[in-house]
Amino acid sequence: MTDYEGFLDMPDDEYRAADGLNWSKLKLIGDSPYLYDYRRTHPRADTPSMMLGRAVHAAVLQPEVYAEDWKIYDGARRGKGWLQFSRIYQDDYEIITVAEAETVDRIVQRVKAHGEAAHLLALGGLNERAIFWEERGRRMKAKIDRTCYAGDRGPLFVVDLKTTRDLTPDSFGRAADNFGYIGQIEHYATGVEHLTGRTVIPLLLVVENAEPFDVGVFHIPVSHRDMGARLRTTYLDTLERCEREDTWPGRVPKMIDLPIPRWSKLRTM
């Protein structure tokens with residue numbers, strides 16, 4: 001039997017308050033050290049798209065939590081009715097509209113109908129568990145969507161659930177590059193390897209968040225893990241340098257020439 005010691009069933013608010021550097025914070029360095037420093041005292045405001053992503057995660061990975069912790073509002077997110085409903089329920093529930101709930105239901109159905117996705121969800125494992133580990137003299141943390149295994153002696157699968165507008169492999173590959181998913185899944189895999197000492201195979205379980213709600217599973221090969229590790233190392237090196245020097249430069253710390261797009265009509269004049 002696989003030992004999952006150190007995989008903690010921790011509510012999101014408790015996890016967010018716990019000490020540790022997670023990927024959501026670390027990746028801000030990739031935008032600018034200034035943004036990383038700014039977000040320490042100015043958390044990002046919640047949005048409907050972020051809420052929908054949380055609903056999908058709950059419905060796919062923790063259906064009992066989705067049933068208990070989410071309240072459906074029969075209307076739009078505006079007007080007196082919405083304000084009254086929110087005032088009554090927002091402290092105890094996440095709120096989702098009927099239209100959003102229908103989207104979540106269709107996503108769940110499509111994931112269950114996808115052979116490899118359904119197989120990953122049926123394997124022995126744990127969903128939505130927090131982990132903590134020490135690395136480079138720093139406390140790290142991550143909340144893993146799913147950790148599962150095909151056998152006691154086999155590797156562990158670290159599965160990250162993502163939503164996307166376009167599952168076309170080339171299109172999603174660009175999205176994964178833009179949003180730093182390779183660095184994120186490497187952060188998760190590194191943490192699991194620290195805890196378990198087991199070989200990890202990272203996977204992305206991806207579903208479209210609009211019709212036709214297509215589903216795919218993407219394997220992260222060793223070459224991609226190497227790229228994710230280099231990205232993560234670069235971010236950690238930058239963070240350590242900024243902490244050591246107590247300087248947090250923005251996106252354009254020095255004067256540069258204004259870039260003009262290659263497709264600008266000015267270039268044809």
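Is Cys242 buried or exposed? Cys242 is buried, at a relative accessible area of 3%. The model is predicted. It contains an open sheet of five strands with mixed pairing, and a helix 5 that is largely enclosed by the rest of the structure, since 10 of its 14 residues are buried.

**Cysteines**
- Cys148 has 0% relative accessibility and therefore counts as buried, the limit being under 20%.
- Cys242 is likewise under that 20% limit, so its 3% places it among the buried residues.
- Zero disulfides turn up when the whole structure is searched.

**The sheet**
- The five strands follow the order 3-4-5-6-7, and the sheet they form is open, with mixed pairing.
- Strand 3 (124-135) and strand 7 (215-219) are the edge strands; each has a single partner strand, so one side of each has no neighbour in the sheet.
- On average, neighbouring strands of this sheet are turned by 40° against each other, with direction ignored.
- Strand 4 (residues 138-149) and strand 5 run antiparallel and are joined by four bridges.
- Arg146 has Val159, in strand 5, as its bridge partner.
- Strands of a sheet pair through backbone hydrogen bonds, in either a parallel or an antiparallel manner.

**Thr164 in strand 5**
- Thr164 belongs to strand 5, which covers residues 156-164.
- With 9% relative accessibility, Thr164 counts as buried.
- Leaving aside residues up to four places away in sequence, Thr164 touches Phe172, Val206, Val207, Glu208 and Asn209.

**Helix 8 against the sheet**
- Helix 8 (residues 98-113) lies across strand 6 (200-208) and strand 7.
- The angle between helix 8 and strand 6 is about 130°.

**Helix 5**
- Helix 5 comprises 14 residues (residues 48-61); at 1.5 Å a residue these should span 20 Å, which agrees with the 20 Å between its end C-alpha atoms.
- The buried residues of helix 5 include Met51, Leu52 and Gly53.
- Ala55, Val56, His57, Ala58, Ala59, Val60 and Leu61 are also buried in helix 5.

**Gly115 in helix 9**
- Gly115 is located in helix 9 (residues 115-122).
- Its relative accessible area is 55%, so Gly115 is exposed, the cut-off being over 50%.
- Between Gly115 and Glu94 there are 30 Å in space, C-alpha to C-alpha, and the two are 21 residues apart in sequence.

Terms used
Residues are numbered from 1 along each chain as its sequence is written. This is a predicted model: local features need pLDDT of at least 70, side-chain atom pairs count only at pLDDT 80 or more; totals for chains, interfaces and linings use all residues. Side-chain values use heavy atoms; hydrogens and water are left out. Helices (H or I, at least four residues) and strands (E, at least two) are DSSP runs, numbered from the N terminus. The expected span of a helix is 1.5 Å times one less than its number of residues. Buried means under 20% relative accessible area, exposed over 50%, partly exposed in between (1.4 Å probe, protein chains only). A disulfide is a pair of cysteine sulfur atoms within 2.5 Å. Contact means heavy atoms within 4.5 Å. Two strands pair if DSSP finds at least two bridges between them. Axes are lines fitted to C-alpha atoms, for helices over the stretch in contact, and angles run from 0 to 180 degrees between N-to-C directions.
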